[in-house]
Amino acid sequence: MKLLVINGVNLNMLGKREIALYGKQDYKALVGFIKTAAKTHGVSAKCFQSNSEGDICTAIQKAYNKYDGIIINAGAYTHTSVAILDALKSVNLPTVEVHLTDITKREDFRQKSYISLYAEKVIVGKGFDGYKEAIEYFLTK
């Protein structure tokens, strides 16, 4: 199984931004965690991060016929990007949405997720472990 893991805007700032919310571990640690979790389960996971909405859409489009599924944490684009939603719909790949924090318990504007309109599973508030849970979800399909 091949999964594309997309991390969006500001995820590259893990360990530096809002440590009380996101913790002290940096983005490199997140990628290492994802790679280890995938390998443990016999899954191939390619990680991609961008602060650019267009680059995220392009990565999703390039996943067509190359990956078995997508795990996505679009960061703040979750709440604003119809373009990312449309890109996900266009490739028609199973998708799991992941958020490090529990967006349902944060600011009002974070309550709306365009990605969840397409994702078949949404995982929130589990930190890095949310990515592991997403990988395990794909194995049960």
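A residue counts as buried under 20% relative accessible area, as exposed over 50%, and as partly exposed in between, with a 1.4 Å probe and protein chains only. The structure described here is a predicted model, in which local features need pLDDT of at least 70 and side-chain atom pairs count only at pLDDT 80 or more, whereas totals for chains, interfaces and linings use all residues. Residues are numbered from 1 along each chain as its sequence is written, and side-chain values use heavy atoms, with hydrogens and water left out.

**Cysteines**

- A search of the whole structure finds 0 disulfides, a disulfide being a pair of cysteine sulfur atoms within 2.5 Å.
- C47 is in no disulfide, and the nearest cysteine sulfur, which belongs to C57, lies 19 Å away, a distance too far for a bond.
- C47 counts as buried because its relative accessibility is 19%, and C57 is also buried, with a relative accessible area of 10%.

**The sheet**

- Five strands (DSSP runs of E, at least two residues, numbered from the N terminus) form an open sheet of 5 strands in the order 2-1-3-4-5 with parallel pairing, where two strands pair if DSSP finds at least two bridges between them.
- Strand 2 (44-49) and strand 5 (121-124) stand at the edges with a single partner strand each, so one side of each has no neighbour in the sheet.
- Neighbouring strands are turned by 20 degrees against each other on average, direction ignored, with axes taken as lines fitted to C-alpha atoms and angles running from 0 to 180 degrees between N-to-C directions.
- Strand 3 (residues 69-73) pairs with strand 4 (residues 95-99) in the parallel sense over 3 bridges, and the bridge partner of I72 in strand 4 is E97.

Methods. Helices (H or I, at least four residues) and strands (E, at least two) are DSSP runs, numbered from the N terminus.
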